[in-house]
Amino acid sequence: MELDERKVKILKAVIKNYLETGEPVGSRTISKYTDLKLSSATIRNEMADLEEMGYIVQPHTSAGRIPTDKGYRLYVDDMMKQKESEMAHREQDLSDREQSVSNREKDVESMAEILSKKVDKVEELLQNVAKVLAKDTNYATMISAPQVKGNKLKFVQLSSLESHKILAVIVMEGNIIRNKVMTVSEELSQENLLKLNILLNTSLTGLSLQEMNLSIVSKMENQAGEHTRLVKEVVDAIVETISGEDNLKIYTSGATNIFKYPELSDSAKASELIYALEEKNSLDSFVSDGTDENQKNSIQVYIGSEAPVESMKDCSVVTATYELQDGMRGTVGIIGPKRMDYEKVVEKLKTIQSQLDDVFKKSLKGWILK
């Protein structure tokens, strides 16, 4: 069976109507909804074919049809292609492009007004973004702090606390600071502490975690002479601190918005979904996808069973990446029913993506991420 133009139009009509009403869609509704000028009987036959092909389903014998995950996927993919095509045409037409920029600036200005309250830490800004996005969309939202994977070390400062204890202040690019109190095997004089600081910064500055390999550590140990064991202890502690699991922080908001949608408000489903949003442990699967170099600046749409989180199999999740600087990316996402307004959500995420990129570039030096 072939998915011809007529079937595609009927499928899109079913989806659009269901997005608006949340009610199963019948053939009579579609006959009024499209410009195909087909009889209800013909539309019923086409809808039966679409059901057989897996694009729509009839939830009850006497009800109309609703889209399946496969139907939504065709609709979303087609929408994304159209948006890419529209963007290409706008870039060729200067007046259209200026209008597009003007409209986007209005959206950005609105978000900027809400976030204009001075913040000193990146996490405060991200929490605000999650709250505003949940309020604007009436869906649940999530946003991750920029990950340090691939980020480079700016410098390390060691200072003595007491006998056999030193404090390491580790600063990564992007003003990401990690503090580590460590117990070492020998007591350090101020002279040896200074030498160790010089050795660490000379050897490790400008390297990412992945580049701090065995060869570099061995070379440092050789240069340390009688303090070889000490160097190994300090380097191990620095690597452990940088790669710690607490690097990934995720902020969520709007979890209770899911009760606004009957298909998600079932007590068991709602409880599982709210638990996932509050505990956040399972959300890192969206973040790891979004911060992949190949997915940079892209919009990802997970529909139903495509979601990597079991409690979100009845939802759709749309994510976008934002960039603090090279090698430091985070993910912002919107979680809602499968009948979410995909076009509005994608546009909103593109605006937020642009907004965060701009804000970070302008204000990065004044913020600290701890």
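Student: In this predicted model, which residue in E5 is the bridge partner of Phe-155?
Tutor: Phe-155 falls within strand E4, residues 153-162. E4 runs antiparallel to strand E5, residues 165-172. In E5, the residue bridged to Phe-155 is Val-171.

Student: How many bridges join E4 to E5?
Tutor: The two strands run antiparallel. The Phe-155 and Val-171 pair is one of their bridges. The number joining E4 to E5 is eight.

Student: Which strands stand at the edges of the sheet, and why is one side of each left without a neighbour?
Tutor: The sheet is open, with three antiparallel strands in the order E4-E5-E6. Neighbouring strands are turned by 20° against each other on average, direction ignored. A strand at the edge has a single partner strand, so one side has no neighbour in the sheet. The edge strands are E4 (153-162) and E6 (176-183).

Student: Which helix lies across E4, E5 and E6?
Tutor: Take helix H7, residues 190-204, for contrast: H7 packs on the sheet, touching E4 and E5, at about 160° to E4. The helix asked for runs at about 140° to E6. It spans residues 228-242 and is H9.

Student: Which side chain makes a polar contact with the side chain of Asp-69?
Tutor: Asp-69 lies in helix H4, residues 69-92. Leaving out residues up to four places away in sequence, Asp-69 touches Ile-303, Gly-304, Ser-305 and Lys-338. The polar contact between side chains spans 2.8 Å, within the 3.5 Å cut-off. The partner is Lys-338.

Definitions and conventions. Residues numbered from 1 in each chain as written. Predicted model: local features only at pLDDT ≥ 70, side-chain atom pairs only at ≥ 80, totals over all residues. Heavy atoms only, no water. Pairing = 2+ DSSP bridges. Helix = DSSP H or I, 4+ residues; strand = E, 2+ residues; numbered from the N terminus. Axes fitted to C-alpha atoms, helices over the stretch in contact; angles between N-to-C directions. Contact = heavy atoms within 4.5 Å. Polar contact = N/O pair within 3.5 Å; in protein donor to acceptor, adjacent residues only side chain to side chain.
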